[in-house]
Every structure is written in C-alpha cells, then in structure tokens.
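Student: Could you walk me through this one? I haven't looked at it before.

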Amino acid sequence: MNDDLRAALAARLLATADDELMLAHRNAEWTGHAPILEEDIALANIAQDELGHASIWYGLVEELTGQDPDRLVFFRDAGEYRSAQMVEQPRGDWAFTMLRQYLFDAYEMALLARLAGSAYQPVADAAARMRNEELYHYRHSSAWLRRLGLGTAESNRRMQAALDVLWPLAGQLFSPQPGDALLNVEGYWPDLNELRQAWSGVVIPALEEAGLGETASAAGPDDRRVHSAHLDTLLADMQMVARADEEAVW
Amino acid sequence: MVVKLSPSPPAPPHSGAQAVPQGEGNFPEPNAPTSPLPAGEGRVDMAAANPTWSEGRLTLTSDAVWAALHEVMDPEIPVLSLVDLGVVREVTVSGDVVTVTMTPTFSGCPALVEMQRLIEVRLLALGAASVAVNTVLAPAWSSDWISDEGRRKLKAFGLAPPPVHGGDVQIMLFDVVRCPRCNSDDVLVRNTFGSTLCRAIYYCNRCQDAFEQFKPL
Ligand SMILES: [Zn+2]
C-alpha cells in the first residue's frame, strides 16, 4: 500500500470510528434516565455495541499509522476529530435520540453491507463481524420511528422537530474527504454518492410512512473538520478522567 | 407528505420502505455465511487429555489443552465453557509453548479480556511455560457455533438457547423461542436487548415469569 492510499484509508477509518464513539457517548448519557427500564437497557446495549465498533475501527487505524487508540480517544482536541456533527448533538428528547439512531443505523447498515466486500481484508472482516449486531439496532430504531411518528400528535410533533434539526446534518455522513477517489478505485471503501442514494432510498419512504414530512432545506455542514460547540462540551466530559492523570494505569 | 431533501439526491428505485440496505453498486455481495467449526475440532478425548512427563520434561498435547479449555467458563455464563461457546478457534502446541486463537462474540463484549486472562491462567496451571492468546475477527463468530452440549447447559442454567439460523440473520429473529423452564412456546419478546450484550428478555405466559435468551448472532 502506498503512502497516499494508506493516509486516505486511515482518514476514512478515523472518521468512521469517531462517529461511533460520539454516538456511543451520547447514547450512554441516557443510562439511568431512559423513559422506561427496557429502553434504558436497550440504549446501554446499543451504546456498548457502537463503542465496540469504534474500538475495532480505531484498531485498524493503529495498524496503518501506529496511533494508540487510547490516545486517539482521550487526548485529541475537538479540531482533530472527524466525527459528523449529527452524532455530536446533545441527546435531546427521546424522539431526537431515536430518530438520530434510526438515521445512523440505516447509514451503518448500508455502509457495512458494502464494506463486507471491501478489497482491504481487515475492513471486510470487521464489517462482517458488525453486520448482525447492527441489525438489532436497525430493527429497534425502525420500530421507534413508527411508534413515535404514528403515535400521538405530540410524539409526531417531536419527531418532526427532530427531523428538522437532523436532516440538514445527515448529509455530512456522506461528505467527501481527500483520497476518497483512491479508496474507491482500489475497492477499499464504497462511493459515498452511491451510498447516499441507497440510504435515501430506504429512509425517505420510511420517514413518509411514519407520517413525517417536508423539512427545512437549509444546507448543513460539509467538511468533517468543522465541529459544533457541542463537541467541546462532550469532550470535556469524556476526557476529564483520562486527562486528570495521563500516566495512570488502568 | 413528501420529504424534501436539500441538496436533493436523485430519487433511487427502492424495494420497499423497510428494506434493509443491501450491498449493491461497486462492491461484491458480502461473504457467505460463516463456516462452522471443522468436524472434530473442539471435541476432546478425555483419555488422552492428561499431560505426561517424559525424561523429566512435561509434554503438553493438543488434546490436553482442549480439555483444559473445556474447564474455562464464560465469565458471564459460568456453566458454559469457552469451547462450548465456540470462541476457541485453534490450539497449537510446541513443546511447552501454547498458542490459542480465539474469536470475540459481540464486538463490544467486555468479557473478551477476562476470557483471555482465564485461558492464560488455566494453561499455565496445566504446565505450559508460556501462553499466547490471539484474537481474530474472521470468520465472524456465530451463535450457531455453540455446541449441543453448550445448548443443554444454557437451558439448564435458565437461558433459552439461540435458534440455529445457518447465517440468515433476518429469519432467525422470527424463530420460535421456548421457555427454558416449561418448554412452552407461548412467550413474548419483551426486549431484544438484555442484561449483557448477548441476552434478550422474554416473558413466558405459562409460567407468568420472565426469562432470558442467548441472542442469535
Ligand atoms: Zn414457562
């Protein structure tokens, strides 16, 4: 693998790992606070799964660049993360959390299906491991999409309000990074435009069936180097203990 | 109502609102269902299982190591050995140096590190001079790899065993689950997530009590 290809693949893996990490952190914030016990358990499980996925993706970054996953998670500053703003947003209400999870799960299902055929074998192996786990998430958040979208006027209103915030942000999941073309040519990572079309083909009919509709057409963020202020707050919380004593052994 | 996208992506054909995104486009279809353990792998000849001393030097056999691993229990399910769980993929013995290759169950399973430690402790006690435990992701672990003995132990422990799905994860989710106490199939899924990553919560209408299932994966 030449240096350009290695850098491009590491950048993609890092963005993917960062997305999973932030979503896991936001979902973990519900532990002890979810509306019912079953959901408290479910969301803690989903957060743990996403953290497991992040750990595998960071491990692949380490194989390519030698960067220690623990350093990547706990000792980068906000500007060095490549997570999408969608997963950095505060957890909001239950509708916001479930709709974000649904939009992300549909994206991850489509991504993993393609990555399982990646020509870079470690990526293909990782995706094959994660796909069946992700199916549980997707089924769960799909059920909540319908339950809240078609529930009461109040639950529908909250879902629509969540969609109005999340829809412009979701596009960033598919925004290009330098080197993407190289990865696509090698068969290492799928074409993100094609991925976006496949995702839209699933989520738009599902949103419509759940009684959700026309949403603001504001352009969302594109560049993954640009973050919301919410990331600073999240990192302050997530990194506080690790940074209190860098030399601590766990 | 219609969802308006901005920027609007081309409207793709889709095969139903709840269709799971599939691997179309420039990537091949994902790998075929994962392969089960090779025939005979993991089975233990107990007679051959004891390490022997020869000219003052311990001779470890592969069978002895497999037998010892049969005694190492899943930290979260203390009746199920790591061999019955199907996570031990390969054992190689070279003199008194043992290498064990294992595969994680769920990606985020926190028991993995503890499993590695328990394997090391057990094999050092067996007489190995050094133990290396490697983990591999491929082929991805499947709950189909839980042995028949393991399934009986799960049920006796009160955990409904996972249905065998042969790799079709969509269909397995609709399989009949039976209450591990009374065998009734008059059960309701209460939560596809449970007290650990590998458990789901059911309710048995006959017993009028909850039970847990080892989730199919
Ligand atoms: Zn029963």
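Tutor: We can talk about confidence, then chain B, then the empty spaces.

Student: Okay, what kind of model is this, and what ipTM does the predictor give the complex?
Tutor: This is a predicted model, and the predictor gives the complex an ipTM of 0.82 together with a pTM of 0.85.

Student: And what pLDDT does chain B average?
Tutor: Chain B averages a pLDDT of 78, with 70% of the residues scoring at least 70. There is a stretch to read with care, residues 5-48 of chain B, where the pLDDT is below 50. In the model that stretch has 88 contacts beyond near neighbours in sequence.

Student: How many helices and strands are in chain B?
Tutor: Its secondary structure comes to five helices and 11 strands. Of the 217 residues in chain B, 42% are buried. If you take the contacts in chain B between residues at least 6 apart in sequence, 52% of them join residues at least 24 apart.

Student: Which strands make up the open sheet of four strands?
Tutor: The order in that sheet is β8-β11-β10-β9, in chain B, and the pairing is mixed. The edges are taken by β8 (159-160) and β9 (187-191) of chain B, and each has a single partner strand, so one side of each has no neighbour in the sheet.

Student: How many bridges join β9(B) to β10?
Tutor: Four bridges join β9(B) to β10 of chain B, which covers residues 199-204, and the two strands run antiparallel. For a place to look in the structure, find B:V187, which stands opposite B:C204 in β10(B). As background, strands of a sheet pair through backbone hydrogen bonds, either parallel or antiparallel.

Student: Switching topic, how many cavities of 30 Å³ or more are there?
Tutor: The structure holds two cavities of that kind. The largest cavity contains about 40 Å³ of space, and the second largest cavity has a volume of about 30 Å³.

Student: What lines the largest cavity?
Tutor: Its lining is made of B:D74, B:E76, B:L85, B:T105, B:C109, B:M115, B:C198 and B:F214. Sorted by class, that lining has five nonpolar residues, one polar residue and two charged residues.

Student: And the second largest cavity, which residues line that?
Tutor: That cavity is lined by A:T16, A:D19, A:E20, A:F104, A:Y107, A:E108 and A:L111. In chain A, α1 (3-28) and α5 (94-115) each supply at least two residues of this lining, and α5(A) gives the most, with four residues. By class, the lining of the second largest cavity has three nonpolar, one polar and three charged residues.

Student: What about pockets, how much space lies in the largest pocket?
Tutor: About 1,300 Å³ of space lies in the largest pocket. The elements of chain A that give two or more residues to its lining are α1, α2 (37-65), α3 (69-74), α6 (121-149) and α10 (229-244), and α3 (111-126) of chain B does so as well.

Student: Which element gives the largest share of that lining?
Tutor: The largest share comes from α2(A), with 11 residues. The lining of the largest pocket has 42 residues, and those that lie nearest its centre are A:L51, A:S55, A:I56, A:P69 and A:D70.

Student: How many of the lining residues are nonpolar?
Tutor: By class, the lining of the largest pocket has 25 nonpolar residues, along with nine polar and eight charged ones.

Terms used
Residues numbered from 1 in each chain as written. Chains lettered and ligands numbered in written order. Predicted model: local features only at pLDDT ≥ 70, side-chain atom pairs only at ≥ 80, totals over all residues. Heavy atoms only, no water. 1 Å grid on protein atoms, 1.4 Å probe; cavity = no way out; pocket = protein on both sides within 12 Å on 5 of 7 lines; lining within 4 Å. Points joined across faces, edges and corners; volume = space filled by probe spheres on them. Nonpolar A, V, L, I, M, F, W, Y, C, P; charged D, E, K, R; others polar. pLDDT = per-residue confidence, 0-100. Contact = heavy atoms within 4.5 Å. Pairing = 2+ DSSP bridges. Buried < 20%, exposed > 50% of the residue type's maximum accessible area, 1.4 Å probe, protein only.
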